[in-house]
Amino acid sequence: MHVNPVAAASGTDTHCPYCALQCGMTLRPASGGHGRGDSEGGGEGHSERPGLEVAERPDFPVNRGALCGKGRTAPELLAPHSRLTQPLVRRRPGGELEPAGWDEALEAVAAALRRTRAEHGPDAVGVFGGGGLTNEKAYALGKFARLVLGTSQIDYNGRFCMSSAAAAGTRAFGVDRGLPFPLADVARTDCVVLVGSNLAETMPPALRYLTELRENGGTLIVVDPRRTRTAEQADLHLAPRPGTDLALALGMLHLVVAEGRVDTEYVESRTAGWPEARSAAMAHWPELVERLTGVPVPELRRAVGLFGDAEHAMVLTARGPEQHSKGTDTVGAWINLCLATGRPGRPLSGYGCLTGQGNGQGGREHGQKADQLPGYRKLDDPAAREHVAGVWGVDPASLPGPGRSAYELLDALGGDVRTLLLAGSNPVVSAPRAAHVEQRLRSLDFLAVCDVVLSESARLADVVLPVAQWAEETGTTTNLEGRVLLRRKAVDPPPGVRTDLQVLEELAARLGWEKGFPAAPEEVFDELRRASAGGLADYSGISYDRIAEEDGVFWPCPEPPGREPGGGGGARRPHPGTPRLFLDRFATPDGRARFAPVVHRPAAEEPDAGYPLLLTTGRVLSQYQSGAQTRRVGALNDAAPGPFVELHPRLAEQLGAEDGDALAVVSRRGRAVAPARVTRGIRPDTVFMPFHWDGEGRANSLTNAALDPVSRMPEFKVCAVRVEVERHATGGRAPDLP
């Protein structure tokens with residue numbers, strides 16, 4: 001193991017590889033430990049002392065030193081037993097993946113890409129990226145797809161996370177940035193409505209801001225069908241039926257109007273579209289909303305009173321209201337509530353989305369989305385195409401148009417799309433209707449995977465390319481606040497491992513592009529700055545040196561006139577960055593925010609006699625996303641060893657089930673089996689499963705791929721199921737149902 005000399009001397013300041021907080025941490029040599037290569041063994045959950053250990057960084061403003069168990073154990077992912085250290089090639093159909101050299105592996109991938117393009121055209125090649133890729137990788141991947149491959153068929157797994165909030169935010173404000181204010185503002189406001197987020201388990205270091213909010217005299221309202229650890233901290237917990245957050249938000253807006261709480265001056269001076277939105281909301285009177293959501297009218301009125309009486313207030317949404325076939329409209333309804341009460345663009349107030357993945361914000365800004373070019377530019381905008389094509393040195397007409405969204409791309413595999421390059425994603429576990437997606441991956445002519453670990457998706461590949469991870473390479477990420485951060489390299493990757501940028505450089509060269517794909521991250525970032533200049537997400541005034549000096553820079557941060565991005569020089573004062581958006585105007589042509597005239601509609605799939613219950617899914621404290629990383633860390637696996645089915649005691653009694661009994665949850669798409677966990681913290685008409693595992697407990701075998709018409713977000717958060725006792729914990733098999 002070769003540790004960076006700076007790390008050996010004083011430690012390397014960097015950021016956690018997991019969620020969108022991007023918590024600051026310092027990596028330093030483990031005290032009294034040995035290097036990564038000194039131990040044998042392996043297997044999921046195995047642990048050894050890593051060559052690096054984590055130290056707190058109290059001076060970093062987002063987490064102020066606090067770290068969750070995932071962050072503290074992150075160096076264990078660097079151990080050889082936990083990850084891939086050499087390429088793997090399947091040399092014959094139906095054969096096993098076998099170790100190979102890089103030349104053989106890269107040539108196999110390049111040959112498949114050439115063959116597919118020649119026989120079926122460029123759109124028969126697909127590229128699927130990830131929200132954990134650095135800005136540099138996301139940018140290079142989008143450029144590689146559109147220039148080298150000439151394909152429109154590129155999207156990424158962030159489509160499954162924040163896309164509905166992004167679409168609603170863009171529609172309302174003209175721009176999508178998860179939080180338009182620093183996270184620290186949350187502790188200083190007077191009321192927070194937290195919709196569909198369990199921060200205590202998904203972003204534990206952020207919970208302190210809610211704790212400080214209440215210590216400062218503020219009020220916390222949590223909207224969640226489960227009484228989560230976060231909901232237990234709330235002054236008011238609203239538990240709507242899954243799939244009815246849209247009705248709840250409309251009911252609250254109805255009461256804002258009926259009780260005379262509309263900020264008329266703000267609405268008239270800073271917004272457009274209020275009459276239509278008001279008319280839509282008035283069709284959702286409190287008693288109707290109670291019937292739809294199950295939230296009693298007195299609780300609805302109390303929530304409106306707490307929110308309306310607060311001088312400063314925020315609504316923060318997460319996956320709960322967003323992962324629906326009506327997610328864009330649902331978030332739009334919560335934004336309407338904020339606009340009607342005069343919140344966005346005012347201090348300590350507004351709407352924000354709690355972005356989930358590590359680079360979920362930056363990953364959706366710089367070109368790996370199906371409809372996007374760097375700087376949050378639209379691929380169908382002629383001016384955007386001309387600008388980016390100029391940076392890339394190509395004819396704008398050569399750039400392909402928009403392609404399929406993430407699920408639609410996965411659904412097309414083996415049909416229109418014959419070869420796929422998959423980078424930093426594990427759709428076998430994370431995609432909706434997962435058994436179908438797995439079948440589509442198996443039907444490909446060729447699958448190439450770039451990943452750190454041999455994930456469930458990588459096991460299906462024809463070639464697996466082992467790539468470096470967070471502590472082994474330098475790159476930028478953009479956290480949920482829009483703060484651009486620098487992850488620094490602390491240690492060399494193992495022999496036989498290359499970076500994603502090196503892989504793209506070498507594949508591009510084999511496909512005829514000798515230049516244009518540098519492997520040096522800072523060189524890629526400087527090009528990204530030029531490509532983003534003038535876009536909504538303008539990074540042109542941000543540099544590696546500046547990020548290091550300022551502990552992050554908020555976008556937009558344009559380069560002042562007279563200075564060239566990446567060129568330095570000039571005496572002009574640099575742009576300070578933009579911690580808070582919308583203080584003077586919104587990013588729309590006329591500077592006004594837009595109300596959305598939305599109405600409630602049911603979920604794509606409602607319960608019936610055959611499937612009488614609702615399933616909702618989510619995360620647990622000690623696992624992350626598809627579990628490809630966290631399931632390889634012993635302490636995390638011990639804390640959360642497998643899936644479970646959470647159900648109410650009343651439902652358990654009806655089923656004759658007890659804690660620990662194996663329950664089969666069945667939907668129209670599949671079946672999953674996991675132990676029962678009986679709790680009063682969930683609605684009697686709903687069951688919950690975490691989605692971090694493959695195998696018989698794979699929750700996404702059940703979920704519905706119905707798509708939001710705007711964001712193309714699948715409906716992860718609600719589908720109709722039935723539940724059966726598979727076997728009792730004592731070992732006896734349950735009797736057959738009549």
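**Salt bridges, sheets and one buried threonine**

Let me begin with one pair: the side chains of Arg498 and Glu506 meet in a salt bridge, with N and O 2.5 Å apart; the term requires a side-chain nitrogen of Lys or Arg within 4 Å of a carboxyl oxygen of Asp or Glu. Arg498 has a relative accessible area of 23% and is therefore partly exposed. Glu506, at 22%, also counts as partly exposed. Here buried means under 20% relative accessible area, exposed over 50%, and partly exposed in between, with a 1.4 Å probe and protein chains only. Salt bridges with shared partners also join Arg91, Arg92, Glu98 and Glu104 into one network.

The model is predicted: local features need pLDDT of at least 70 and side-chain atom pairs pLDDT 80 or more, while totals for chains, interfaces and linings use all residues. Residues are numbered from 1 along each chain as its sequence is written, and side-chain values use heavy atoms, without hydrogens or water.

The structure holds 51 salt bridges in total. Side chains of opposite charge can pair when their charged atoms come close. A second pair is formed by Lys137 and Asp500, whose side chains meet in a salt bridge of 2.9 Å, N to O. Because Lys137 lies in helix H4 (residues 135–149) and Asp500 in helix H19 (residues 500–510), this pair ties together parts that are 363 residues apart in sequence. Helices (H or I, at least four residues) and strands (E, at least two) are DSSP runs, numbered from the N terminus. Are Lys137 and Asp500 buried or exposed? Both residues are buried.

A third salt bridge joins the side chains of Asp235 and Arg214, at 3.0 Å from N to O. This pair links distant parts of the chain, 21 residues apart: Asp235 sits in the loop between strand S9 (219–223) and strand S10 (236–238), and Arg214 in helix H7 (residues 207–215). Asp235 is partly exposed, with 29% relative accessibility, and Arg214 is partly exposed at 34%.

I return now to helix H4, the helix that holds Lys137. Its 15 residues should span 21 Å at 1.5 Å a residue, and the end C-alpha atoms are 20 Å apart, which agrees; the expected span is 1.5 Å times one less than the number of residues. H4 is mostly covered, since 15 of its 15 residues are buried. After H4 comes Gly150, with a positive phi near 65°.

Next, the sheets. Three strands make an open antiparallel sheet in the order S1-S2-S3, where two strands pair if DSSP finds at least two bridges between them. Strand S1 (12–15) and strand S3 (52–56) are the edge strands, each pairing on one side only. On average, neighbouring strands of this sheet are turned by 40° against each other, direction ignored. Four bridges join S1 to strand S2 (residues 24–29) in the antiparallel sense, and His15 stands opposite Gly24 in S2.

An open sheet of five strands, with parallel pairing, has the order S10-S9-S8-S12-S13. At its edges are S10 and strand S13 (350–353), each paired on one side only. Its neighbouring strands are turned by 15° against each other on average, direction ignored. Strand S8 (residues 191–195) and S9 run parallel and are joined by five bridges; Cys191 stands opposite Thr219 in S9. Which helix lies across strands of this sheet? Helix H12 (residues 297–309) lies across S8, S9, S10 and strand S12 (313–317), and runs at about 130° to S10. Axes are lines fitted to C-alpha atoms, for helices over the stretch in contact, and angles run from 0 to 180 degrees between N-to-C directions.

A further antiparallel pair consists of strand S28 (residues 704–707) and strand S29 (residues 714–715), joined by two bridges. Leu707 has Pro714 in S29 as its bridge partner. Six residues lie between the strands of this hairpin, in which Arg712 takes a positive phi near 65°.

I close with Thr478, a residue of strand S19 (residues 475–478). With a relative accessibility of 0%, Thr478 counts as buried. Its side chain makes a polar contact of 3.2 Å with the side chain of Asn135; such a contact is a pair of N or O atoms within 3.5 Å, where, within protein, one must be able to donate a hydrogen and the other to accept it, and residues adjacent in sequence count only if both atoms are side-chain atoms. Which residues does Thr478 touch, not counting residues up to four places away in sequence? Among them are Asn135, Gly358, Glu365, Arg483, Tyr539 and Trp555, with contact meaning heavy atoms within 4.5 Å.
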